[in-house]
Amino acid sequence: MAMAGLVACFVLYSCLGRIPSALGVILRTTDKIVWANEFEPIELTCLIESISTNNPRIEWKKIKDGIPSYVYFQNKIAGDLENRAQLREPANILIFNTTRSDTAEYRCEVAAIDDQRDFDEILISLAVRVKPVVPRCSVPEAVTVGTSTELRCLENEGFPAPQYRWFHNNEELPQDPKNSPRFVNFSYSINPDTGSLKFRRVRKEDAGDYYCQAKNDAGHAQCPTQVMEVYDVDILGIALKCLGGASVVIIVVAFLCSIRRMCLQFKSHNENHYNWPTQNNGVEYGDPDEGHFRHKSSFII
Ligand SMILES: *[C@@H]1O[C@H](CO)[C@@H](O)[C@H](O)[C@H]1NC(C)=O
Ligand SMILES: *[C@@H]1O[C@H](CO)[C@@H](O)[C@H](O)[C@H]1NC(C)=O
(Lines give C-alpha, C1' and ligand atoms only; values in the text may rest on other atoms or scores of the structure.)
(Ligands and ions follow the chains in the order given, each with its own letter.)
Protein backbone atom coordinates (compact mmCIF):
# COMPACT_ATOMS: atom_id res chain seq x y z
CA MET A 1 0.00 0.00 0.00
CA ALA A 2 2.74 2.37 1.02
CA MET A 3 4.61 1.22 -2.06
CA ALA A 4 1.63 1.98 -4.33
CA GLY A 5 1.33 5.43 -2.75
CA LEU A 6 4.99 6.10 -3.40
CA VAL A 7 4.62 5.03 -7.03
CA ALA A 8 1.52 7.22 -7.44
CA CYS A 9 3.45 10.11 -5.95
CA PHE A 10 6.34 9.53 -8.28
CA VAL A 11 4.07 9.30 -11.34
CA LEU A 12 2.27 12.48 -10.32
CA TYR A 13 5.57 14.25 -9.75
CA SER A 14 7.02 13.22 -13.09
CA CYS A 15 3.77 14.13 -14.84
CA LEU A 16 3.82 17.56 -13.26
CA GLY A 17 7.40 17.89 -14.36
CA ARG A 18 6.53 17.01 -17.91
CA ILE A 19 3.33 19.04 -18.23
CA PRO A 20 4.25 22.37 -16.76
CA SER A 21 0.94 24.03 -17.72
CA ALA A 22 -0.39 23.43 -14.30
CA LEU A 23 2.55 25.35 -12.90
CA GLY A 24 2.28 28.51 -14.96
CA VAL A 25 3.30 30.49 -18.00
CA ILE A 26 6.39 29.46 -19.91
CA LEU A 27 7.76 31.27 -22.97
CA ARG A 28 10.01 30.04 -25.70
CA THR A 29 11.54 31.55 -28.83
CA THR A 30 12.84 30.00 -32.00
CA ASP A 31 15.84 32.36 -32.13
CA LYS A 32 17.42 34.30 -29.32
CA ILE A 33 19.79 35.99 -31.75
CA VAL A 34 18.13 37.23 -34.89
CA TRP A 35 19.77 38.73 -37.96
CA ALA A 36 17.66 40.68 -40.43
CA ASN A 37 18.49 42.61 -43.58
CA GLU A 38 17.61 46.26 -43.59
CA PHE A 39 14.34 47.08 -45.41
CA GLU A 40 13.11 43.51 -45.06
CA PRO A 41 10.46 42.15 -42.69
CA ILE A 42 11.40 40.16 -39.61
CA GLU A 43 9.38 38.33 -36.98
CA LEU A 44 10.57 37.99 -33.42
CA THR A 45 8.97 34.91 -31.94
CA CYS A 46 7.55 34.73 -28.46
CA LEU A 47 5.87 31.34 -28.19
CA ILE A 48 3.75 30.48 -25.19
CA GLU A 49 4.61 26.92 -24.21
CA SER A 50 2.01 26.68 -21.52
CA ILE A 51 -0.54 28.92 -19.91
CA SER A 52 -3.86 28.60 -18.07
CA THR A 53 -4.87 32.24 -18.05
CA ASN A 54 -7.23 33.20 -20.88
CA ASN A 55 -6.18 36.76 -21.53
CA PRO A 56 -2.57 37.11 -20.50
CA ARG A 57 -1.03 40.56 -20.52
CA ILE A 58 1.56 40.75 -23.28
CA GLU A 59 4.19 43.45 -23.43
CA TRP A 60 7.28 44.00 -25.54
CA LYS A 61 10.14 46.26 -24.61
CA LYS A 62 13.04 47.43 -26.72
CA ILE A 63 16.32 47.82 -24.86
CA LYS A 64 18.85 49.98 -26.62
CA ASP A 65 22.06 51.09 -24.91
CA GLY A 66 20.61 49.80 -21.64
CA ILE A 67 17.50 51.99 -21.85
CA PRO A 68 14.16 50.16 -22.11
CA SER A 69 11.15 51.56 -23.95
CA TYR A 70 7.76 50.04 -24.79
CA VAL A 71 7.16 48.78 -28.28
CA TYR A 72 3.99 46.85 -27.38
CA PHE A 73 1.93 48.11 -24.48
CA GLN A 74 -1.79 47.97 -23.57
CA ASN A 75 -2.52 45.88 -26.66
CA LYS A 76 -0.97 48.44 -29.01
CA ILE A 77 2.27 48.77 -30.93
CA ALA A 78 3.96 51.86 -29.52
CA GLY A 79 7.13 53.91 -29.59
CA ASP A 80 9.76 53.17 -32.22
CA LEU A 81 7.69 50.50 -33.91
CA GLU A 82 4.42 52.44 -34.14
CA ASN A 83 2.88 51.88 -37.59
CA ARG A 84 5.80 49.63 -38.49
CA ALA A 85 4.89 46.38 -36.79
CA GLN A 86 2.08 44.18 -35.62
CA LEU A 87 1.54 41.55 -32.94
CA ARG A 88 0.93 38.06 -34.25
CA GLU A 89 -0.40 35.04 -32.41
CA PRO A 90 0.55 34.06 -29.87
CA ALA A 91 2.84 36.93 -28.90
CA ASN A 92 5.21 37.37 -31.82
CA ILE A 93 6.12 40.77 -33.15
CA LEU A 94 6.41 41.30 -36.89
CA ILE A 95 8.40 44.31 -38.08
CA PHE A 96 7.31 45.10 -41.66
CA ASN A 97 10.41 46.93 -42.82
CA THR A 98 13.40 46.89 -40.52
CA THR A 99 15.81 49.79 -40.34
CA ARG A 100 19.29 49.97 -38.85
CA SER A 101 17.89 51.71 -35.78
CA ASP A 102 15.95 48.54 -34.93
CA THR A 103 19.19 46.86 -33.89
CA ALA A 104 18.58 46.30 -30.17
CA GLU A 105 17.44 43.76 -27.61
CA TYR A 106 13.75 43.03 -27.37
CA ARG A 107 12.01 41.53 -24.37
CA CYS A 108 8.72 39.72 -24.55
CA GLU A 109 6.92 39.73 -21.20
CA VAL A 110 3.78 37.73 -20.47
CA ALA A 111 1.82 38.05 -17.24
CA ALA A 112 -0.76 35.31 -16.61
CA ILE A 113 -2.71 36.28 -13.53
CA ASP A 114 -4.53 32.93 -13.10
CA ASP A 115 -1.38 30.84 -13.35
CA GLN A 116 0.60 29.63 -10.40
CA ARG A 117 3.74 30.94 -12.02
CA ASP A 118 2.22 34.15 -13.31
CA PHE A 119 5.06 35.76 -15.26
CA ASP A 120 7.70 34.88 -17.80
CA GLU A 121 9.91 36.85 -20.12
CA ILE A 122 12.28 36.15 -22.96
CA LEU A 123 15.08 38.27 -24.38
CA ILE A 124 15.86 38.41 -28.09
CA SER A 125 18.75 40.22 -29.78
CA LEU A 126 18.00 41.71 -33.16
CA ALA A 127 20.84 42.83 -35.42
CA VAL A 128 19.96 44.53 -38.69
CA ARG A 129 22.47 44.06 -41.48
CA VAL A 130 23.12 47.18 -43.54
CA LYS A 131 24.46 47.08 -47.08
CA PRO A 132 27.70 48.97 -47.61
CA VAL A 133 27.47 52.22 -49.55
CA VAL A 134 30.04 53.22 -52.18
CA PRO A 135 33.40 53.30 -50.36
CA ARG A 136 35.74 56.27 -50.49
CA CYS A 137 38.92 55.24 -52.26
CA SER A 138 42.21 57.06 -52.53
CA VAL A 139 44.62 55.96 -55.23
CA PRO A 140 47.76 58.03 -55.92
CA GLU A 141 47.74 59.33 -59.49
CA ALA A 142 51.45 58.84 -60.05
CA VAL A 143 54.20 57.07 -58.15
CA THR A 144 57.86 56.41 -58.89
CA VAL A 145 59.23 52.92 -59.40
CA GLY A 146 60.80 51.45 -56.27
CA THR A 147 59.03 53.73 -53.80
CA SER A 148 56.37 52.59 -51.34
CA THR A 149 52.79 53.70 -51.58
CA GLU A 150 49.39 53.03 -50.06
CA LEU A 151 45.92 52.86 -51.58
CA ARG A 152 43.06 53.32 -49.15
CA CYS A 153 39.41 52.32 -49.11
CA LEU A 154 36.84 53.18 -46.45
CA GLU A 155 33.13 52.59 -45.96
CA ASN A 156 31.24 53.59 -42.82
CA GLU A 157 27.59 52.57 -43.25
CA GLY A 158 27.76 48.82 -43.67
CA PHE A 159 26.88 46.57 -40.74
CA PRO A 160 28.54 44.31 -39.85
CA ALA A 161 31.70 46.20 -40.83
CA PRO A 162 32.57 45.23 -44.40
CA GLN A 163 35.60 43.39 -45.67
CA TYR A 164 37.58 45.06 -48.42
CA ARG A 165 38.92 43.64 -51.67
CA TRP A 166 41.07 45.38 -54.26
CA PHE A 167 40.96 44.93 -58.03
CA HIS A 168 43.78 45.72 -60.46
CA ASN A 169 42.77 45.97 -64.13
CA ASN A 170 39.48 44.26 -63.16
CA GLU A 171 41.23 41.31 -61.59
CA GLU A 172 41.00 40.68 -57.88
CA LEU A 173 44.31 40.96 -56.04
CA PRO A 174 44.72 37.97 -53.74
CA GLN A 175 45.09 38.99 -50.14
CA ASP A 176 48.54 37.44 -49.96
CA PRO A 177 50.37 37.48 -53.30
CA LYS A 178 52.94 34.95 -52.04
CA ASN A 179 50.27 32.24 -52.10
CA SER A 180 49.33 32.83 -55.69
CA PRO A 181 51.75 31.85 -58.52
CA ARG A 182 50.54 34.62 -60.81
CA PHE A 183 51.12 37.32 -58.20
CA VAL A 184 54.23 35.88 -56.58
CA ASN A 185 56.41 38.80 -57.74
CA PHE A 186 54.02 41.44 -56.40
CA SER A 187 55.17 43.32 -53.33
CA TYR A 188 51.84 44.48 -51.95
CA SER A 189 49.85 43.54 -48.88
CA ILE A 190 46.14 43.97 -48.31
CA ASN A 191 44.40 44.44 -44.99
CA PRO A 192 40.82 43.32 -45.62
CA ASP A 193 39.63 44.87 -42.34
CA THR A 194 41.00 48.37 -42.90
CA GLY A 195 40.90 48.51 -46.71
CA SER A 196 44.57 49.37 -47.04
CA LEU A 197 46.57 48.18 -50.04
CA LYS A 198 50.27 48.82 -49.46
CA PHE A 199 53.12 48.47 -51.93
CA ARG A 200 56.58 48.10 -50.45
CA ARG A 201 58.29 48.72 -53.78
CA VAL A 202 56.17 49.82 -56.70
CA ARG A 203 56.97 48.14 -60.03
CA LYS A 204 56.10 49.26 -63.55
CA GLU A 205 53.57 46.43 -63.68
CA ASP A 206 51.64 47.88 -60.77
CA ALA A 207 50.42 50.75 -62.94
CA GLY A 208 46.84 50.50 -64.10
CA ASP A 209 43.21 50.72 -63.02
CA TYR A 210 42.30 50.19 -59.40
CA TYR A 211 39.03 49.92 -57.55
CA CYS A 212 37.99 48.57 -54.18
CA GLN A 213 34.93 46.67 -53.08
CA ALA A 214 33.38 46.74 -49.61
CA LYS A 215 31.34 43.64 -48.85
CA ASN A 216 29.34 42.22 -45.98
CA ASP A 217 26.49 39.71 -45.66
CA ALA A 218 23.93 42.32 -46.70
CA GLY A 219 25.65 43.22 -49.97
CA HIS A 220 28.56 45.02 -51.56
CA ALA A 221 29.52 48.29 -53.20
CA GLN A 222 32.60 49.49 -55.03
CA CYS A 223 34.26 52.79 -55.79
CA PRO A 224 34.82 54.02 -59.35
CA THR A 225 38.04 52.93 -61.05
CA GLN A 226 41.03 55.21 -60.56
CA VAL A 227 44.27 55.12 -62.52
CA MET A 228 47.68 54.87 -60.92
CA GLU A 229 50.63 55.69 -63.14
CA VAL A 230 54.13 54.48 -62.39
CA TYR A 231 57.16 56.48 -63.53
CA ASP A 232 60.83 55.61 -63.86
CA VAL A 233 63.30 57.97 -62.28
CA ASP A 234 64.93 59.18 -65.49
CA ILE A 235 67.32 62.07 -64.89
CA LEU A 236 68.26 62.46 -68.57
CA GLY A 237 64.59 62.46 -69.57
CA ILE A 238 63.74 65.10 -67.01
CA ALA A 239 66.70 67.23 -68.14
CA LEU A 240 65.68 66.94 -71.78
CA LYS A 241 62.12 67.84 -70.93
CA CYS A 242 63.35 70.93 -69.11
CA LEU A 243 65.58 71.90 -72.01
CA GLY A 244 62.79 71.34 -74.47
CA GLY A 245 60.42 73.44 -72.42
CA ALA A 246 62.96 76.23 -72.05
CA SER A 247 63.72 76.38 -75.75
CA VAL A 248 60.01 76.61 -76.58
CA VAL A 249 59.70 79.52 -74.17
CA ILE A 250 62.69 81.25 -75.76
CA ILE A 251 61.22 80.79 -79.23
CA VAL A 252 57.85 82.16 -78.11
CA VAL A 253 59.46 85.17 -76.48
CA ALA A 254 61.60 85.83 -79.53
CA PHE A 255 58.52 85.61 -81.73
CA LEU A 256 56.59 88.04 -79.55
CA CYS A 257 59.54 90.42 -79.53
CA SER A 258 59.90 90.39 -83.28
CA ILE A 259 56.26 91.28 -83.89
CA ARG A 260 56.08 93.83 -81.09
CA ARG A 261 58.67 96.57 -81.24
CA MET A 262 57.42 97.58 -77.89
CA CYS A 263 59.26 94.66 -76.46
CA LEU A 264 62.59 96.32 -77.14
CA GLN A 265 61.37 99.62 -75.80
CA PHE A 266 60.09 97.85 -72.79
CA LYS A 267 63.54 96.47 -72.14
CA SER A 268 65.48 99.71 -72.64
CA HIS A 269 63.03 102.02 -70.85
CA ASN A 270 61.88 99.75 -68.15
CA GLU A 271 60.91 102.45 -65.67
CA ASN A 272 59.03 104.75 -68.04
CA HIS A 273 57.15 102.14 -69.90
CA TYR A 274 55.79 100.54 -66.83
CA ASN A 275 53.19 103.26 -66.94
CA TRP A 276 51.79 102.87 -70.38
CA PRO A 277 48.63 100.67 -70.11
CA THR A 278 46.91 102.63 -67.33
CA GLN A 279 47.90 105.95 -65.90
CA ASN A 280 48.19 105.58 -62.20
CA ASN A 281 47.87 102.07 -60.84
CA GLY A 282 51.18 100.30 -60.46
CA VAL A 283 49.63 97.27 -58.83
CA GLU A 284 47.86 96.26 -61.99
CA TYR A 285 51.16 95.68 -63.81
CA GLY A 286 52.37 93.34 -61.20
CA ASP A 287 49.60 90.88 -61.86
CA PRO A 288 49.87 90.23 -65.60
CA ASP A 289 53.64 90.15 -65.32
CA GLU A 290 53.51 87.64 -62.53
CA GLY A 291 50.94 85.60 -64.43
CA HIS A 292 53.24 85.53 -67.41
CA PHE A 293 56.10 84.34 -65.27
CA ARG A 294 54.00 81.58 -63.71
CA HIS A 295 52.91 80.44 -67.08
CA LYS A 296 56.50 80.11 -68.24
CA SER A 297 57.64 78.27 -65.18
CA SER A 298 54.81 75.74 -65.30
CA PHE A 299 55.53 75.29 -68.95
CA ILE A 300 59.11 74.30 -68.24
CA ILE A 301 58.10 71.73 -65.68
C1 LIG B 1 11.26 50.13 -46.47
O2 LIG B 1 11.67 51.43 -46.08
C3 LIG B 1 12.51 52.07 -47.03
C4 LIG B 1 12.98 53.37 -46.43
O5 LIG B 1 12.07 53.95 -45.59
C6 LIG B 1 11.76 52.24 -48.33
O7 LIG B 1 12.59 52.87 -49.27
C8 LIG B 1 11.32 50.88 -48.85
O9 LIG B 1 10.56 51.02 -50.02
C10 LIG B 1 10.54 50.14 -47.80
N11 LIG B 1 10.30 48.78 -48.25
C12 LIG B 1 9.11 48.19 -48.21
C13 LIG B 1 9.07 46.79 -48.68
O14 LIG B 1 8.12 48.77 -47.79
C1 LIG C 1 58.96 36.31 -60.91
O2 LIG C 1 60.31 36.71 -60.91
C3 LIG C 1 61.22 35.68 -61.25
C4 LIG C 1 62.63 36.21 -61.07
O5 LIG C 1 62.74 37.52 -61.52
C6 LIG C 1 60.92 35.23 -62.68
O7 LIG C 1 61.80 34.17 -63.04
C8 LIG C 1 59.49 34.73 -62.77
O9 LIG C 1 59.16 34.39 -64.10
C10 LIG C 1 58.53 35.79 -62.27
N11 LIG C 1 57.21 35.22 -62.18
C12 LIG C 1 56.14 35.78 -62.73
C13 LIG C 1 54.84 35.06 -62.55
O14 LIG C 1 56.18 36.83 -63.32
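Which residues do ring pairs link into a cluster? Here is my take, point by point, bearing in mind that this is a predicted model.

1. **The ring cluster.** To settle the opening question: F183, F186, Y188, F199 and Y210 are joined into a cluster by ring pairs. Seven aromatic pairs are counted for the model. One of them is Y188 with F199, an edge-to-face pair with 6.1 Å from centre to centre and 65° between the planes. This pair links distant parts of the chain, as Y188 belongs to strand β17 (residues 188-191) and F199 to strand β18 (residues 196-199), eleven residues apart. As for exposure, Y188 is buried at a relative accessible area of 4%, and F199 is buried too, at 3%.

2. **A charge on the cluster.** F186, one of the cluster residues, has company from an arginine. The charged end of R203 sits over the F186 ring, 4.3 Å from the ring's centre.

3. **T149, a contact of F199.** Have a look at T149 while you are in this part of the model. T149 is in strand β14, which covers residues 149-154. Setting aside residues up to four places away in sequence, T149 touches P140, V143, L197, K198, F199, V202 and M228. So F199 turns up again here, as a contact of T149 as well as a member of the ring cluster. Is T149 buried or exposed? T149 counts as buried because its relative accessible area is 13%, and the cut-off for buried is under 20%.

4. **E155, buried without a salt bridge.** This is the residue I'd pull up on screen. E155 lies in the loop between β14 and β15 (163-168). E155 is buried but makes no salt bridge. How far away is the nearest side chain of opposite charge? That side chain is R100, at 7.4 Å, and a salt bridge needs the nitrogen within 4 Å of a carboxyl oxygen.

5. **What E155 does reach.** Backbone nitrogens come into play here. The E155 side chain reaches the backbone nitrogen of G158 at 2.9 Å. A polar atom of that E155 side chain also lies 3.1 Å from the backbone nitrogen of E157. Leaving out residues up to four places away in sequence, E155 touches K131, P132, V133, P135, P162, Y164 and A214.

6. **Salt bridges elsewhere.** The count for the model is 16 salt bridges. One of them joins the side chains of E109 and R107, at 2.8 Å from N to O. In that pair E109 is buried at 6% relative accessibility, whereas R107 is partly exposed at 22%. Both residues belong to a salt-bridge network that links K61, R107, E109 and E121.

7. **Two further salt bridges.** R117 and D120 form a salt bridge, with the closest N and O atoms 3.6 Å apart. Here R117 is partly exposed, with a relative accessible area of 38%, while D120 is buried at 12%. The other bridge is R165 with E172, where the closest N and O atoms are 2.8 Å apart. R165 is partly exposed at 29%, and E172 is also partly exposed, at 33%.

8. **Y70 and its contacts.** Y70 is in strand β6, residues 67-73. Which residues does Y70 contact, leaving aside its neighbours within four places in sequence? They are E59, W60, K61, A78 and G79. K61 also belongs to the salt-bridge network from point 6. Between Y70 and E59 there are 7.6 Å from C-alpha to C-alpha, and the two are eleven residues apart in sequence. Y70 is classed as partly exposed because its relative accessible area is 32%.

9. **The chain overall.** To finish, some totals. The secondary structure amounts to five helices and 21 strands. Of the 301 residues in the protein chain, 32% are buried. Among contacts with a separation of 6 or more, 60% are between residues 24 or more positions apart.

How values were computed:
Residues are numbered from 1 along each chain as its sequence is written. Chains are lettered from A and ligands numbered from 1 in the order in which they are written. This is a predicted model: local features need pLDDT of at least 70, side-chain atom pairs count only at pLDDT 80 or more; totals for chains, interfaces and linings use all residues. Side-chain values use heavy atoms; hydrogens and water are left out. Helices (H or I, at least four residues) and strands (E, at least two) are DSSP runs, numbered from the N terminus. Buried means under 20% relative accessible area, exposed over 50%, partly exposed in between (1.4 Å probe, protein chains only). Contact means heavy atoms within 4.5 Å. Lys and Arg count as positive and Asp and Glu as negative; His and the chain ends are not counted. A polar contact is a pair of N or O atoms within 3.5 Å; within protein, one must be able to donate a hydrogen and the other to accept it, and residues adjacent in sequence count only if both atoms are side-chain atoms. Rings of Phe, Tyr and Trp (its six-membered ring) pair if their centres lie within 6.5 Å; planes under 30 degrees apart count as stacked, over 60 as edge-to-face and the rest as tilted. A charge sits over a ring if NZ of Lys or CZ of Arg is within 6 Å of the ring centre and within 35 degrees of the ring normal.
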